[in-house]
Structures are given as C-alpha cells and as structure tokens.
Amino acid sequence: MSAETTVGLSRNRWRWHILPQRMQSDFRLGDWVVQPAQCRLSRDGRTLQVRARVMDLLVYLANHPGEVVSKERLLNEVWGSLAVSESALTRTVTELRQALGDSVDAPQLLETIAKRGYRLMGSVESLSAPTGGSAPVSRSTLKMVMSAAA
C-alpha cells in the first residue's frame, strides 16, 4: 500500500473503502485553510473547530470541486448506512455555511442546486507537497487489512 493511500473504516463499522491521502491532508478552500485531521478551519488569524461530520462533508465536496453532488450520494458517502434523514444533511450544510461565513442567497463557496444537491464553488488547493501517483491497492491487501481489523 502506498503512502498516499490508506484503508479507512467509515462511520459505519462494516463498510470499508479506500481513502485517498488527499482526503486527509490539509488543503486551501478559497481564503480558508482546512485541516481535516483536526476538524479545523482557519482564515485571517481566526481558527474555528467544526464537528467531525461537518468536516467529513466539506472534505467529500472538496474531492469533487465544481461537481453537483446529489443529496442521496452525500447521505450514502458521508453518513454511510446510518439511518438519517435528509434534514441531517440540510443541518450539516447550514452549519458548514455558517462556519465558512457563506450565504445561501449569495453563495461564494457552497451552492445549493435546487432538487439536485450541492456544489463546492471555491477553488481547492492541496497544501501537501506532491508525491507522485499512488499505487493501486490490491484486493488481497484490502482483504488482509479487513481481516486483521475484524
């Protein structure tokens, strides 16, 4: 397994998936510095802590910049198979907007696409040094890691 790829356990203990390192490394979103591991957002000398689920949502959207991501896809990917309603997503988006100082009426970073989902509008830039391409993770490696964690 490469240094750029880790195997992670989602919030749902039973669903394994491959997490690219970029999802876990610090990045810049517009004027904000985002530190996913610390659930921290910083800008203009001000630092904010956000809930882990808010950071999970931001990181997922940052890995799909400019793309309209459906509400269903966000619920599946960020919440896994936890039984939550769409209102949980709406509350988390509202919390993220408040933290970023963004407006639903005049969005600069996070746009709501009616009846479709959400789109991250700001530019996303990795703050880690490029390390080249990541090596693919084989099924046997994934099975071995899954077995060891069981």
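What covers the buried residues of α2? In this predicted model, the cover includes α1 (52-62), β7 (69-70), α3 (86-100) and β9 (117-120). The residues concerned are L74, L75, V78 and W79, which are buried in helix α2 (residues 71-79). Viewed down the axis of α2, these buried residues fall within an arc of 100°, so they line one face of the helix. Such an arrangement can be read against the geometry of the α-helix, in which 3.6 residues make a turn, so residues three or four places apart point the same way. The helix is followed by G80, for which phi is positive, near 65°.

Helix α1, which contributes to the cover of α2, is itself largely enclosed by the rest of the structure, because nine of its 11 residues are buried. The buried residues of α1 are R53, V54, M55, L57, L58, V59, Y60, L61 and A62.

Two open sheets are described here. In the sheet of five strands, the order is β6-β5-β4-β3-β10 and the pairing is antiparallel. Its edge strands are β6 (46-49) and β10 (124-126), each of which pairs on one side only. From one strand to the next, the twist averages 25°. Within this sheet, strand β5 (residues 40-43) pairs with β6 in the antiparallel sense over four bridges, and R40 stands opposite Q49 in β6. Helix α1 packs on the sheet, where it touches β3 (27-29), β4 (32-35), β5 and β10, and its direction makes about 85° with that of β3. Helix α3 also has a place on these strands: it lies across β3, β4, β5 and β6 and runs at about 30° to β5.

The other open sheet consists of three strands in the order β7-β9-β8, again with antiparallel pairing. Strands β7 and β8 (110-113) stand at its edges with a single partner strand each, so one side of each is left without a neighbour in the sheet. The antiparallel pairing of β7 with β9 extends over two bridges, and S70 stands opposite G117 in β9. Helix α3 packs on this sheet through contacts with β8 and β9, its direction making about 150° with that of β8. Helix α3 thus touches β8 and β9 and also lies across β3, β4, β5 and β6.

At the edge of the five-stranded sheet, attention turns to Q49, a residue of strand β6. Q49 is exposed, with a relative accessible area of 54%. When neighbours within four places in sequence are left aside, Q49 is in contact with Q38, C39 and R40. The side chain of Q49 reaches the backbone oxygen of Q38 at 2.9 Å and the backbone oxygen of C39 at 3.4 Å. Although Q49 and Q38 are 11 residues apart along the chain, their C-alpha atoms are separated by 7.9 Å.

Side chains of opposite charge can pair when their charged atoms come close. The structure holds five salt bridges, among them the pairs R43 with D44, E95 with R51 and K71 with E86. The N to O distance between the side chains of R43 and D44 is 3.8 Å. At 24% relative accessibility, R43 counts as partly exposed, whereas D44, at 74%, counts as exposed.

In the salt bridge between E95 and R51, the N to O distance is 3.0 Å. E95 belongs to helix α3 and R51 to the loop between β6 and α1, so this pair ties together parts that are 44 residues apart in sequence. Both partners are partly exposed: the relative accessible area is 29% for E95 and 41% for R51.

The side chains of K71 and E86 meet at 3.2 Å, N to O. Because K71 lies in helix α2 and E86 in helix α3, the pair ties together parts that are 15 residues apart in sequence. E86, at 41% relative accessibility, counts as partly exposed. Helix α3 is thus linked to α2 by the salt bridge of K71 with E86, and it is also among the elements that cover the buried residues of α2.

Terms used. Residues numbered from 1 in each chain as written. Predicted model: local features only at pLDDT ≥ 70, side-chain atom pairs only at ≥ 80, totals over all residues. Heavy atoms only, no water. Buried < 20%, exposed > 50% of the residue type's maximum accessible area, 1.4 Å probe, protein only. Arc of directions from axis to C-beta. Contact = heavy atoms within 4.5 Å. Pairing = 2+ DSSP bridges. Axes fitted to C-alpha atoms, helices over the stretch in contact; angles between N-to-C directions. Salt bridge = Lys/Arg side-chain N within 4 Å of Asp/Glu carboxyl O. Polar contact = N/O pair within 3.5 Å; in protein donor to acceptor, adjacent residues only side chain to side chain.
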